[in-house]
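Have your viewer ready and your selection tool at hand. We will go from stop to stop, picking residues and looking at what is there.

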Amino acid sequence: MNPDLSRPRPAGGEEHPLLLPFAERELPAGRHQFHKERLMAQIHEDLRAADVATPAPTRVTGPRNPFLRRAVLVPAAAFALAGALAVGFVSYLDRGAADGPGSTVATGPALTTRIGTADPKGAPQLLDRISLASASVSGPAVRADQFIYIGSKTANTYVKTEGDKSALVSQPLHMRHQWNSPDGTKGWLIEPGNTGPEGVTLAGPDEKGNTPTPYLNAPTHNYLATLPSDPDVLLRRIYEETKGMGSGPDQEAFTTIGDLLRGSYPPAELTTALYRAAAKIPGVVTVDDAVDAAGRSGVAVARLDEHSGRREEWIFDRQTLTFLGERSVQVQGESGEQGLIKPGTVVDTSAVMTRTIVDRIKELPPTAR
């Protein structure tokens, strides 16, 4: 649902003094979903399968797609298309960004955190409370001519390799603005480092000229409204439709639910069902302390991906149990080229700042100004 652009340096022209400094790097392995809604949907299944057995030649372990949070290899043709279509690394500082003009901050050589304590017994009770809280919140009422707006802060850490030297660096914390029509045929994205200052359209066919068909990992709002609200039926469907993907059925189910909670605006009944379905996934735990990309501390529902040693955490406000954001933390072993991603490294982090309905594409709600 959320495209993710590669980031070569723009050809020619001087860097604007108000823009974030450009950090030149190779195209990372997981940052090549780009430019259109559900772009590359036709090859998505092959890419997701590559997450299980990643070939060795890839030299850069990079930021992953913030919606489809899997590290995947993109075929050579997709690399070529990315290079042809990608927009340079320019910042979106004074266009209604929630963090305000000039306040986007660098995150240093690596994002790190205290690894919270996991409780394997507390998840069902916490998710039950979260589902009850979500049931009391009315879902979005969106007309066919309106747009769903999601404004979020995001950052990540990746391995940059130049020649025979590798280093751990971070993408700056930045705002991401996305608009989508309920049927998914219209949309717009503005994100520093992934688009130009005016953004890119999410409308039209995919790179093969086909009209994408919505599915669990590339849904539209209208598609979400068709999903079952019975948690058992919903979870069974998630397992069936993600069979063979990711690093295992349980982890893939957990990741898929997290993607829907973070990157879409599900109807209230579906949100409640997603939380109750997550409580039935083996290995789900609670974490006593987690911080989202906006610096908000909360309690987390999480699951450890035993293949990568990374723990995916959904972060909730301690009092209201409102969903705040999501992050992926290396908690076991070392990953990345030369084992540079060590325990305590935040690989991805995001914070949902505004999620609402607007009347026009590229319209910023007051809470995002």
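**Stop one: a run of strands**

Select strand β6 (residues 284-291) together with β7: the two run antiparallel and are joined by 6 bridges. Strands count as pairing if DSSP finds at least two bridges between them; the strands themselves are DSSP runs (E, at least two residues; helices are H or I, at least four), numbered from the N terminus. Before going on, note that this is a predicted model, in which local features need pLDDT of at least 70 and side-chain atom pairs count only at pLDDT 80 or more, while totals for chains, interfaces and linings use all residues. Residues are numbered from 1 along each chain as its sequence is written, and side-chain values use heavy atoms, with hydrogens and water left out.

Now pick Val287, and across from it in β7 you will find Ala300. Follow the chain through the hairpin of β6 and β7, where 5 residues lie between the strands, and stop at Gly295, whose phi is positive, near 85 degrees.

Next, highlight β7 alone (residues 297-305). Is it mostly covered or uncovered? Mostly covered: 8 of its 9 residues are buried, where buried means under 20% relative accessible area, exposed over 50%, and partly exposed in between (1.4 Å probe, protein chains only).

Add strand β8 (residues 310-316), which pairs with β7 in the antiparallel sense over 7 bridges. Click Ala302 and its bridge partner in β8, Glu313. This hairpin has 4 residues between its strands, and Gly309 in the turn shows a positive phi of about 80 degrees.

**Stop two: charged side chains**

Switch on side chains. The structure holds 17 salt bridges, each a side-chain nitrogen of Lys or Arg within 4 Å of a carboxyl oxygen of Asp or Glu.

Go back to β6 by selecting Asp289 with Arg318, which form a salt bridge at 3.0 Å, N to O. This pair links distant parts of the chain, 29 residues apart: Asp289 is in strand β6, and Arg318 is in the loop between β8 and β9 (323-330). Arg318 counts as partly exposed because its relative accessibility is 37%. Widen the selection to Arg114 and Asp288, and you have a network of salt bridges linking Arg114, Asp288, Asp289 and Arg318.

Then try Asp145 and Arg143, a salt bridge whose closest N and O atoms are 3.0 Å apart. Asp145 is partly exposed at 48% relative accessibility, and Arg143 is partly exposed at 46%.

Finish with Arg360 and Glu363, whose side chains meet at 3.7 Å, N to O, in a salt bridge. Arg360 is exposed, with a relative accessible area of 53%.
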